Protein chains: 4
Amino acid sequence: MTTVHIAGAGGYAAAEAIRLLDAHPGARIGTLMSRSGAGTRVCDAFPSLPHLTQTFDDFETALPQVAAGDVVFLAADRDVALALTPKLLAAGARVIDLADTFRLEPHAHGAVYGLSERYRDAIAGANLVANPGCYPTASLLALAPLGAFADRIASIVIDAKSGITGAGRSPKLGSLFAEVEGDVRAYGLGGHRHTPEISQELHAVGITAPMTFAPHVVPLSRGMLADIYLIPRAPLDRDAILATLRRAYASSPFVTVFDDGRAPYLPALEKTNEAHLAVFEESGIIHLLSGIDNLGKGAAGQAVQNMNIMLGLPEDQGLGAVRTVVG
Amino acid sequence: MTTVHIAGAGGYAAAEAIRLLDAHPGARIGTLMSRSGAGTRVCDAFPSLPHLTQTFDDFETALPQVAAGDVVFLAADRDVALALTPKLLAAGARVIDLADTFRLEPHAHGAVYGLSERYRDAIAGANLVANPGCYPTASLLALAPLGAFADRIASIVIDAKSGITGAGRSPKLGSLFAEVEGDVRAYGLGGHRHTPEISQELHAVGITAPMTFAPHVVPLSRGMLADIYLIPRAPLDRDAILATLRRAYASSPFVTVFDDGRAPYLPALEKTNEAHLAVFEESGIIHLLSGIDNLGKGAAGQAVQNMNIMLGLPEDQGLGAVRTVVG
Amino acid sequence: MTTVHIAGAGGYAAAEAIRLLDAHPGARIGTLMSRSGAGTRVCDAFPSLPHLTQTFDDFETALPQVAAGDVVFLAADRDVALALTPKLLAAGARVIDLADTFRLEPHAHGAVYGLSERYRDAIAGANLVANPGCYPTASLLALAPLGAFADRIASIVIDAKSGITGAGRSPKLGSLFAEVEGDVRAYGLGGHRHTPEISQELHAVGITAPMTFAPHVVPLSRGMLADIYLIPRAPLDRDAILATLRRAYASSPFVTVFDDGRAPYLPALEKTNEAHLAVFEESGIIHLLSGIDNLGKGAAGQAVQNMNIMLGLPEDQGLGAVRTVVG
Amino acid sequence: MTTVHIAGAGGYAAAEAIRLLDAHPGARIGTLMSRSGAGTRVCDAFPSLPHLTQTFDDFETALPQVAAGDVVFLAADRDVALALTPKLLAAGARVIDLADTFRLEPHAHGAVYGLSERYRDAIAGANLVANPGCYPTASLLALAPLGAFADRIASIVIDAKSGITGAGRSPKLGSLFAEVEGDVRAYGLGGHRHTPEISQELHAVGITAPMTFAPHVVPLSRGMLADIYLIPRAPLDRDAILATLRRAYASSPFVTVFDDGRAPYLPALEKTNEAHLAVFEESGIIHLLSGIDNLGKGAAGQAVQNMNIMLGLPEDQGLGAVRTVVG
């Protein structure tokens, strides 16, 4: 039974982590650190967790309670993360950072990039994991196994659609119901902040084709679909790509590659750590679809998966069984 | 391990039942009978269940497979239910009817009304259970324990809000996205078909005050909130009502009565078998709120709860743990 | 051509007022005062108004431009409204306050309560109008004509459902998409701040029965439905009430009383100044339904209607014709 | 005053046409022909048009009423359209077909393709107009002016997002609220039925690059965004493309090309005949965005625009002013 603390526990990814950890047979929730929410009950901060009456702590009170062998989920600003991490590691804790502090050049930070299906072995030995963003997770699950096709790809277009929880729980105009409802909002065009993270991992497998990445907010609370188009330089064989993906994930419990004409259905992925992939082709252009729950495989689910790998637990423990908490 | 068949397996309540039964440690899914869907895979009929490749059977093929000791969830039209039930009972199966065939005057049909928290003992010995409707479930969980206050209640107003899955999965104009979105639709006013079912159970506890029941469709897929107003003939004490409700459900795993100012939050109830109750008062009028998932406690969840009671299993088996199916 | 200024122009009601005034044949938009938005273009602050490139001014720059004969729509905090109003009136402008500063005991403030259909004559002669709130507007349009039935009404239950724009455009947790979607949120129970405003006007027509008012947020951007239940002390005749309402609004362009079984359909009211009423009965309890657009008849639409009345213009000018602005 | 009949008046595009025509100063609604709805009032069939009490006619009764000089909006199945059109033309009526009967090779049918901004002159002299589909309209408004860049374009990716009204009003499973909500549904992949219509018009301007077209249903009632990616064979200059588009639409009242960093905001386009375009660039790939209301410029709005052109009326008559019908 490992104690897991969450530092920066007020957001949607943290709520999802709390939900998962509360039901995890190999973990118990330690402290929940929140600057603004200290003293508040979880059930009051998150009405989606009505049975959790534990209160949030401030960082000062909670940090000394982190002990050797504990795990800390970090969902804090860059400055806080940079200041806290060395202390937590020094205390003997393992750290999984859910924000983007360590994602670029993770090795320079002594971190391992936490795309579980790619870096399982390194994660198993890591003390600091940079948990990937939701857009990179959806994109890379489809693209990273395709290194063998790299020299046939002329360009990559990623048109991604995300639920609004990806924008966080801090109140801002663009996240209001009346701003999100009725629209499909393309944003951050001409150079999104997630492109470098995707490029970094594609380069690692030899894919260096020019890429454009266009994120959209759609009227969903959670869920993400990435439509990925591979423009061929030389013919790309849809069946070969499909076979490569199916082979890559043959033993991964969370990634399913459809080969029967189905496309991802986002509600089926809600509150899961799963990813659903599909491959189509038209006019020689390969069309990959990758669906995840942005808060699941795109955030807290993958963090728990990485924790399981780090602790030597079954990879799907606490993830295959999403327990409803009954008072 | 009990084999559970579903007869009439094409609707939303059936899909929820399949999801729950697939994860139930004491049950295995037998046949799934569907007139229109025979031969189709579950995952194709219900993209929300992407890992279930079992196919639907027609009734003729499947019925002979129902054996003594099996359970049958019946979600069929009245005529089919009336024709099938005697045969299933004769074959030694237990039947839980999710439609409204046996709800009014259940004893005349040899059935027990399946409001689990009220009729636990009778359900335990029943072979035929009439599973309550979602509106009656939400309403009666709040009202049925209040018999002691009956002579103080002058009138009852129930203003209920339901997700659209309550209207079923058969395509009809009023269930289209573009008809539901943007509206709050009051319907069936001046005498809704669920009023008799509610009245029947209220009369059983001595509550005979005039009642109006106004159902509304709100832009939700699932979830139900019943706002129930008790107009006093003699003063009604909010604290006494609250205490009565808390006592009534003290040992019920699925019903929570808030006493801290919270009102039900429907997303917290989604895909659960829980009910959340609250009590407020203004100008002497008592305001009860009762929230459920119309497909959970309002349909398939309660059916599984009743099955557990009938089979002598722990009441919350397969309901406290909502397993994500991993391929 | 009257110049209309808006003071406090950053919210949803202000955006709707800008949209209406921009298309109003008898009005031209003067200054748009915003503390936080000064210097911003309307089209950038409100993407729903893509063709309006006018910029917001700060109060200091704009106030001196208010001239005698102008109209000012005030959508500001109480303190600002109290400070500003005397100056604006002294400058010879007419003021319509869209917030709640002057709604209670309006006469004590030298104001007229701006429920257009009730106080047309007083509004025509007013310099300061307290524009009603959306909940009171929906409730009072149905109830205020029923004074003749007052002594037959034992209790009143108002169960109201509102789109989230009623909560304003300032970012707050409860207005986020991911908090509103999937829920029906009862709030402010046991004494809502709008009850006194409703009571004040009901008392004015002799209706003093105990009342409970329960507001709900539903997953809509705009739209409001009030379900109003009249519990009888002596028999209430549905047909007599219907006839009374139809008589009351026979010459009102914006209020339609259905007598053919229809209930209000909120999308039909969107961006209009209309109200749709219906009357049903069950168990002797009268059920009134009143639907409006909370930003239309519940805010900016009624403000324009009141402006028309104050200026001696046709009451529906600029309201019957919702012009699409073409660049 | 021209009489306009609608044949096949039961769908969403027909409802939008009725709404527009009812407010059109140069048109009056003649007969509304509906096979299934004959005898029904418009306000009962379409609650969004609560003030229209005209009833639908059957075809047999209505067709003889079509007179020379009238206009007929045809929204019927292919067989009906093919049978009816010669008779209507013979009677001296002009016909605008909103379905896809005449869109491919329109000249073979004696029709003009009704993309108003491209074929204004031909439309002005036409008796039969094939009104474009919503996907082609959104795509072609952005692409058709770019013929001068044709030899620099290596591939075209169109990732389109549509509200569900594009799927029609006939009840079908995939259009149910509970199937659309929560998902982003890619469909018809690997060869959509609208690709030929887009290709036909692109070929007409010399653009023959391989193209993939991926339509998606998003949880919207109405609204469409097409994200169009141009993969370069030789460098494509974003500013030159932007300038070309702005020139192309300089005198078009309904097409706005943003040059200030804005992307289309779909709610601003709702119930309008407008299109909003924007151009971005990343990694040399040009990203065009084109937003419309699928029922407006994508269907009924463009049909009215074409009618105006055919009748010699101002092109935006009845379209710039969207009148709210007041009883």
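By what turn, and with what RMSD, can chain D be laid on chain A? In this predicted model, a turn of 180° does it, with a shift of 0.0 Å along the axis. The RMSD of the fit is 0.0 Å. The two copies are thus related as by a two-fold rotation axis. Pro219(D) is the residue of chain D that comes closest to this axis. Its C-alpha lies at 3.1 Å. The interface residues tell a matching story: 100% of those of chain D are also interface residues in chain A, so the copies meet through the same surface.

Chain A also touches chain C. This contact takes 14 residues from chain C and 14 residues from chain A. On the side of chain C, the largest share comes from helix α7, residues 177–180 of that chain. Helix α7 of chain C gives three residues. The side of chain C that touches chain A divides into eight nonpolar, four polar and two charged residues.

Within chain A, the domain assignment gives two domains. Domain 1 of chain A is made of two segments, 2–131 and 297–311. Domain 2 of chain A runs over 135–294. The C-alpha centres of these domains lie 25 Å apart. Their contact takes 14 residues from domain 1 of chain A and 24 residues from domain 2 of chain A.

Which helices of chain A each supply at least two residues of the domain 1 side? They are α5 (116–124) and α11 (296–311) of chain A. The largest share of that side, six residues, comes from α11(A). By residue class, the side of domain 1 of chain A that touches domain 2 of chain A holds four nonpolar, six polar and four charged residues.

A closer view of chain D centres on helix α8, residues 195–204. The buried residues of α8(D) are Thr195(D), Glu197(D), Ile198(D), Glu201(D) and Leu202(D). They cover an arc of only 165° around the axis, which puts them on the same side of α8(D). The general geometry of helices is relevant here. An α-helix has 3.6 residues a turn, so residues three or four places apart point the same way. What covers the buried residues of α8(D) includes one helix, α6 (134–143) of chain D, and one strand, β9 (211–217) of chain D. After α8(D) comes Gly206(D). The phi of Gly206(D) is positive, near 90°.

How values were computed
Residues are numbered from 1 along each chain as its sequence is written. Chains are lettered from A and ligands numbered from 1 in the order in which they are written. This is a predicted model: local features need pLDDT of at least 70, side-chain atom pairs count only at pLDDT 80 or more; totals for chains, interfaces and linings use all residues. Domain bounds come from an automatic or database domain assignment. Two residues are in contact if their C-beta atoms, placed from the backbone, lie within 7 Å. Helices (H or I, at least four residues) and strands (E, at least two) are DSSP runs, numbered from the N terminus. Ala, Val, Leu, Ile, Met, Phe, Trp, Tyr, Cys and Pro count as nonpolar, Asp, Glu, Lys and Arg as charged, and the others, Gly among them, as polar. A residue is buried if 20 or more other C-beta atoms lie within 10 Å of its own, exposed if 12 or fewer, and partly exposed in between; C-beta atoms are placed from the backbone. The arc is that of the directions from the helix axis to the C-beta atoms. Copies are superposed by least squares on the C-alpha atoms of residues with pLDDT of at least 70 in both.
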